[in-house]
Amino acid sequence: MRVEIWSDIACPWCYIGKARFEKGLAEFAHRDQVEVVHRSFELDPGRAKGEREQVIDMLAAKYGRTREEAAGMEANVAANARAEGLGYRTEGRDHGSTFDIHRLLHLAKARGRQDELLTLAYRANFAEERSVFDDDVLLALAVEAGLDGEEARAVLTDPEAYADEVRADEREAAELGVNAVPFFVLDRRYGISGGQPSEVFVQALEQAWKDRPVTALTTVGGDAETCDTDGACEVPRG
């Protein structure tokens with residue numbers, strides 16, 4: 001079974017949702033047969049590289065709130081994150097373009113290190129005093145995740161590297177009707193929107209597993225001699 005997760009590194013509910021999904025997956029009996037694929041989604045696709053601002057200022061402007069009200073919004077999200085055992089800084093975080101992060105995550109996917117890099121990037125963005133909108137920080141995270149430093153640097157310096165893959169994920173999200181993240185798609189049959197409680201993910205995984213299509217075999221070539229489970233073998237026809 002495949003679970004595809006559309007998310008953005010700047011999205012706190014994606015950070016929380018990933019932790020809740022993983023708790024649900026850990027309780028799922030067939031977890032070893034689940035392939036998890038992380039897909040790209042930008043909440044602020046029009047933001048230029050290098051254009052940064054403080055998260056509190058961004059929230060206040062986006063939602064028409066005062067800075068105090070925006071700080072209250074952050075405090076509420078932080079409480080949810082901490083309830084999942086996640087670190088969360090409510091002050092000093094910045095916001096910027098996540099396009100380069102998504103490109104680097106596609107490199108990590110190609111090298112089998114996507115989840116490792118995503119986990120480190122979330123932690124850096126929300127819990128640590130490291131800006132994921134800084135190329136040096138991204139490079140350090142890539143190396144921590146097990147990627148080759150020179151290969152990661154080459155991706156970051158080439159704006160076209162893995163750009164098509166990011167855009168393809170985003171087009172696919174639009175085709176599926178995904179306009180908010182996190183969004184979880186189970187075997188292209190079930191969709192889960194938002195950072196739901198872990199028990200919701202358990203229920204959805206169990207339902208998707210139960211309803212997964214079973215491929216019936218079509219036998220070709222007619223009958224031929226066989227041996228059965230009792231060890232009896234047919235005598236070849238003369």
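In the predicted model, the lining of the largest cavity comprises, by class, 3 nonpolar, 6 polar and 1 charged residues. This cavity has a volume of about 90 Å³, and it is one of 2 cavities of 30 Å³ or more that a search of the whole structure finds. Its walls are formed by Ser 7, Ile 9, His 38, Arg 39, Ser 40, His 102, Leu 105, His 106, Gln 114 and Leu 118. Strand E2 (35–40), helix H4 (99–110) and helix H5 (114–126) are the elements that contribute two or more residues to this lining.

The second largest cavity, with a volume of about 30 Å³, is enclosed by Ile 5, Ser 7, Cys 14, Lys 18, His 38, Leu 118, Tyr 122 and Phe 184. Two or more of these lining residues come from each of strand E1 (2–7), helix H1 (12–26) and H5. In terms of residue class, the lining of the second largest cavity divides into 5 nonpolar, 2 polar and 1 charged residues. Ser 7, His 38 and Leu 118 appear in the linings of both cavities.

The largest pocket holds about 420 Å³ of space. Its lining consists of 21 residues, and those nearest the centre of the pocket are Ala 10, Pro 12, Met 58, Leu 59 and Tyr 63. By class, this lining is made up of 13 nonpolar, 2 polar and 6 charged residues. At least two lining residues are supplied by each of H1, helix H2 (55–63), helix H3 and strand E4 (94–95), with the largest share, 5 residues, coming from H2. Within H2, the buried residues are Val 55, Ile 56, Met 58, Leu 59 and Ala 60, and these pack against strand E3 (53–54), H3 and E4. Met 58 and Leu 59 are thus named both among the buried residues of H2 and among the residues nearest the centre of the largest pocket. Following H2 is Gly 64, which has a positive phi, near 65°.

Attention may next be turned to the packing of nonpolar side chains. In soluble globular proteins, nonpolar side chains tend to be buried together. The largest nonpolar core of the model contains 43 residues, of which Leu 104, Leu 117 and Leu 141 touch the most other members. Each of H1, helix H3 (67–83), H4, H5, helix H6 (135–144), helix H7 (149–157) and strand E5 (183–186) provides at least two residues of this core, and the greatest contribution, 7 residues, is that of H5. When residues up to four places away in sequence are not counted, Leu 104 is in contact with Leu 117, Leu 138, Ala 142, Ala 152, Val 155 and Leu 156. Another core, of 15 residues, lies apart from the largest one, and its members include Met 1, Val 3, Leu 186 and Ala 208.

Over the chain as a whole, the secondary structure amounts to 9 helices and 6 strands. Of the 238 residues in the chain, 44% are buried. Among the contacts in the chain with a separation of 6 or more, 71% are accounted for by residues 24 or more positions apart. The area exposed by the chain is about 12,800 Å², of which 48% is supplied by carbon and sulfur atoms.

Terms used: Residues numbered from 1 in each chain as written. Predicted model: local features only at pLDDT ≥ 70, side-chain atom pairs only at ≥ 80, totals over all residues. Heavy atoms only, no water. 1 Å grid on protein atoms, 1.4 Å probe; cavity = no way out; pocket = protein on both sides within 12 Å on 5 of 7 lines; lining within 4 Å. Points joined across faces, edges and corners; volume = space filled by probe spheres on them. Helix = DSSP H or I, 4+ residues; strand = E, 2+ residues; numbered from the N terminus. Nonpolar A, V, L, I, M, F, W, Y, C, P; charged D, E, K, R; others polar. Core = buried A, V, L, I, M, F, W, Y, C linked by side-chain atoms within 4.5 Å. Buried < 20%, exposed > 50% of the residue type's maximum accessible area, 1.4 Å probe, protein only. Contact = heavy atoms within 4.5 Å. Areas by Shrake-Rupley, 256 points an atom, 1.4 Å probe, with all protein chains shown as cover.
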